[in-house]
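Okay, thanks for making time this morning. Let me put the sequence and the model up, and then I'll walk you through it.

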Amino acid sequence: MTLSLRTLNVFMKKELLLVAVTILLFSCQSEEDMNKIAPPLPINGGTDFFDVNDFMVQLNADALKSTEKGTWSIFSGEIDDKVSIENLTDPKTIFHGLPGEEYKLLWEVQSGYNWTRDTVTITFAPLKTEILEMSDDYFQTRIMLSATNYDRGEWTVEGDYHHIRGLGSGGVYIPEDHKHPNILFYALEHTTAKITWTTWYGSKSASAS
């Protein structure tokens, strides 16, 4: 079958128009559209921390690029008023946790329409306290004690004793004060007593006797 010159020209024009439209559509793809189909890049929330002796730790996620936004959140672990993330969007922020707890923190980074995530594990060492005895040998029934204190604390006694005095700043005596970490314990002759100090940090406590 023989095509006329006019018919051939029309056919070629249609083909060229189709190619031009295809090229135009491809070139007009926005950067956002490219972000939709681009595979997410891996991120790093930083190293894990184990048996941290303090109640805080500085996180060390990778620095963000100008096109990225990051957010920290607590995925698991006990939370009270002591637990916090100082700056939710800072990859190097400070995290405050509770002693004896394990936390998993989630670091989420958004780039365009893509989200990537990484988890950081943090464990804090258990809360500890101790009692130091600072008594003079010539006081047989009077004992000076000083205990490690956090938010608050309290002395309890098993057995008979005379009384307790708290030792405030400057050596001020506080009668029958069971909540001061520094005390004078007045015992009774020929008796046995057990004195225990319990202190709290948030919802966590530790005791020594």
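**Salt bridges, sheets and cores**

Let's start with a pair of side chains: Glu 154 and Lys 179 form a salt bridge, with their closest N and O atoms 3.7 Å apart. By salt bridge I mean a side-chain nitrogen of Lys or Arg within 4 Å of a carboxyl oxygen of Asp or Glu. This pair links distant parts of the chain, with Glu 154 in strand 10 and Lys 179 in the loop between strand 12 (173-175) and strand 13 (182-186), 25 residues apart. Strands here are DSSP runs of E, at least two residues long, numbered from the N terminus.

Quick word on where this comes from: it's a predicted model, where local features need pLDDT of at least 70 and side-chain atom pairs count only at pLDDT 80 or more, while totals for chains, interfaces and linings use all residues. Residues are numbered from 1 along each chain as its sequence is written, and side-chain values use heavy atoms, with hydrogens and water left out.

Back to that pair. Buried or exposed, what is Lys 179? Lys 179 is exposed, at 53% relative accessible area, and Glu 154 is partly exposed at 31%. The cut-offs are under 20% for buried, over 50% for exposed, and partly exposed in between, with a 1.4 Å probe and protein chains only.

How many salt bridges does the structure hold? There are 5. One of them is between the side chains of Lys 204 and Glu 101, at 3.0 Å, N to O. Lys 204 is in strand 15 and Glu 101 is in the loop between strand 5 and strand 6, so this salt bridge ties together parts that are 103 residues apart in sequence. Here we're inside: Lys 204 is buried at 18%, and Glu 101 is buried at 16%. Glu 78 comes in as well, since salt bridges that share partners join Glu 78, Glu 101 and Lys 204 into one network. Then there's Glu 108 with Arg 117, where the closest N and O atoms are 2.6 Å apart. Glu 108 counts as buried too, at 18% relative accessibility. As a general point, side chains of opposite charge can pair when their charged atoms come close.

Now the sheets. Strand 10 and strand 15 turn up again in an open sheet of 3 strands, order 10-14-15, with antiparallel pairing. Two strands count as paired if DSSP finds at least two bridges between them. Which strands sit at the edges? Strand 10 (152-158) and strand 15 (204-208), each pairing on one side only. Neighbouring strands of this sheet are turned by 20° against each other on average, direction ignored. That's from axes that are lines fitted to C-alpha atoms, with angles from 0 to 180 degrees between N-to-C directions. Strand 14 (residues 194-201) pairs with strand 15 over 5 bridges, antiparallel, and Trp 200 has Ser 205 as its bridge partner in strand 15.

Stay on strand 15 for Ala 206. Ala 206 counts as buried, at 8% relative accessibility. Leaving out residues up to four places away in sequence, Ala 206 touches Leu 127, Lys 128, Thr 129, Trp 197, Thr 198 and Thr 199, contact meaning heavy atoms within 4.5 Å.

Follow that to Thr 129, in the loop between strand 7 and strand 8 (131-133). Thr 129 is buried at 14%, and its side chain reaches the backbone oxygen of Thr 148 at 2.7 Å. Setting aside neighbours within four places, the contacts of Thr 129 include Trp 197, Ala 206, Ser 207 and Ala 208.

There's another open sheet of 3 strands, order 2-5-4, also with antiparallel pairing. Its edges are strand 2 (56-58) and strand 4 (84-85). Strand 4 is joined to strand 5 (residues 94-96) by 2 bridges, and Ile 85 has Phe 95 as its bridge partner.

Phe 95 takes us to the largest nonpolar core, which has 21 residues; Leu 59, Trp 72, Phe 95 and Ile 122 touch the most other members. A nonpolar core is a set of buried Ala, Val, Leu, Ile, Met, Phe, Trp, Tyr and Cys residues joined through side-chain atoms within 4.5 Å. Which strand gives the most to this core? Strand 6, with 4 residues. Apart from it lies another core, of 8 residues, including Leu 145 and Trp 155.

How values were computed
Polar contact = N/O pair within 3.5 Å; in protein donor to acceptor, adjacent residues only side chain to side chain.
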